[in-house]
Amino acid sequence: MKSMTGIGKALVENEEWKVSTLIKSLNAKGLDIFIKSNYNLSPIELNIRKTVRDFVVRGTINIQIDITPKKPEFPIDKEQVSISVNTIKLLAKELGLNLSDDIVFQTAWRHAEKFIEELNPSLEEAVYSSLREALIDLIKSREEEGKHLKEDIEARLLKIEENIAQIEERKEEVLSSVKERVLEKAKELGLSESHPTVLNEITLILSKMDIEEELTRFKTHLKRFKDLINSKEEVGRRLDFLLQEMHREITTLGNKMPEFSKLVVDIKTEIDRLKQQVANVE
């Protein structure tokens with residue numbers, strides 16, 4: 001079981017480039033990937049996203065890739081700057097404009113910026129290496145956070161199991177008490193224990209208070225939940241669904257046997273806390 005929160009870092013260098021990658025992961029219903037860089041990585045953005053999806057199933061993934069060239073690199077076409085400068089000066093003269101050298105140069109620079117269709121192979125390799133190492137580090141961080149989540153979840157499951165055990169131990173006592181009250185009322189009315197009306201009343205009340213099905217389903221969901229938190233698969237959505245089912249069963253049980261209202265409230269409280277923790281699980 002992995003948490004959706006975590007952080008991963010990596011630094012990769014070769015003869016030409018130094019690439020630093022920082023990945024931060026937060027909770028999300030799906031997988032959202034955001035990429036920032038001080039370098040134009042648009043030619044390989046789709047491949048970056050695909051690589052992330054190979055490692056991560058859910059979460060908001062924020063990626064910062066910082067690139068430093070070890071050799072001087074011009075982001076513009078110098079020949080194109082010269083051509084643009086001459087073109088702008090000629091146009092300004094024809095239009096009767098008096099442009100400063102600064103304005104001419106800045107305008108020429110913008111029009112001479114290189115449009116990158118393909119990355120330098122050496123840079124591309126360094127980016128992928130840094131990204132993968134950061135993702136591996138992120139997964140370790142998520143797994144470590146997942147261990148802490150699991151410990152808290154298991155502690156809350158234990159409390160729920162203890163409360164369910166109390167309900168199972170005391171339910172016959174509650175049913176006997178209800179039956180006794182019906183018999184006492186019948187006695188006051190002068191009816192015997194074997195009177196059809198008395199027997200029907202007892203049967204009706206006890207059937208309405210029968211919580212065996214709810215207990216069975218609740219414990220089944222509980223067992224499935226415990227199995228899932230030991231899984232290495234993506235389990236967050238399934239855990240959330242099971243908690244909804246457990247909440248439904250314990251609510252029905254509480255309605256049938258109000259005598260257990262305190263235990264039911266305690267169980268619901270733990271379920272709500274589990275929902276908060278499960279929201280962090282991938």
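Helices, as I use the word this morning, are DSSP runs of H or I with at least four residues, numbered from the N terminus, and in that sense Asn 163 has its place in helix H4, which covers residues 121-188. Before I go on, please keep in mind that what you see is a predicted model.

Let me stay with Asn 163 for a moment. Is this residue buried or exposed? The relative accessibility of Asn 163 is 10%, and because the cut-off for buried is under 20%, Asn 163 counts as buried. Leaving aside residues up to four places away in sequence, Asn 163 touches Leu 263, Asp 266 and Ile 267.

Ile 267 takes us to the next topic, since Ile 267 is also one of the residues in helix H8 that meet helix H7. H7 spans residues 236-256 and H8 spans residues 261-278, and the two pack at an angle of about 165°, with their axes 10 Å apart. Angles over 145 degrees count as roughly antiparallel, and H7 and H8 are therefore roughly antiparallel to each other. The crossing in which H7 passes H8 is left-handed. On the H7 side the contact includes Leu 239, Leu 243, Met 246 and Ile 250, while on the H8 side the residues include Val 264, Ile 271 and Leu 274. Sorted by class, this contact of H7 with H8 has 10 nonpolar, four polar and four charged residues.

I turn now to the sheet. It is an open sheet of four strands, in the order E1-E2-E4-E3, and its pairing is mixed. Strand E1 (6-13) and strand E3 (31-37) stand at the edges, and because each has a single partner strand, one side of each is left without a neighbour in the sheet. From one strand to the next, the twist averages 15°.

At the E1 edge, E1 pairs with strand E2, residues 17-26, in the antiparallel sense over eight bridges, and the two form a hairpin with three residues between them. Within that pair, Leu 11 stands opposite Ser 20 in E2. The side chains along E1 alternate, so to speak, between two faces: Gly 6, Gly 8, Ala 10 and Val 12 point to one face and are buried, whereas Ile 7, Lys 9, Leu 11 and Glu 13 point to the other and are not.

At the E3 edge, E3 and strand E4, residues 59-69, pair in the parallel sense over seven bridges, and there Leu 31 has Gly 59 in E4 as its bridge partner. Finally, helix H1, residues 45-55, lies across E3 and E4 and runs at about 135° to E3.

Technical notes. Residues numbered from 1 in each chain as written. Predicted model: local features only at pLDDT ≥ 70, side-chain atom pairs only at ≥ 80, totals over all residues. Heavy atoms only, no water. Axes fitted to C-alpha atoms, helices over the stretch in contact; angles between N-to-C directions. Parallel < 35°, antiparallel > 145°, perpendicular 65-115°, else oblique. Left-handed = near helix turned anticlockwise from the far one by under 90°. Contact = heavy atoms within 4.5 Å. Nonpolar A, V, L, I, M, F, W, Y, C, P; charged D, E, K, R; others polar. Pairing = 2+ DSSP bridges. Buried < 20%, exposed > 50% of the residue type's maximum accessible area, 1.4 Å probe, protein only.
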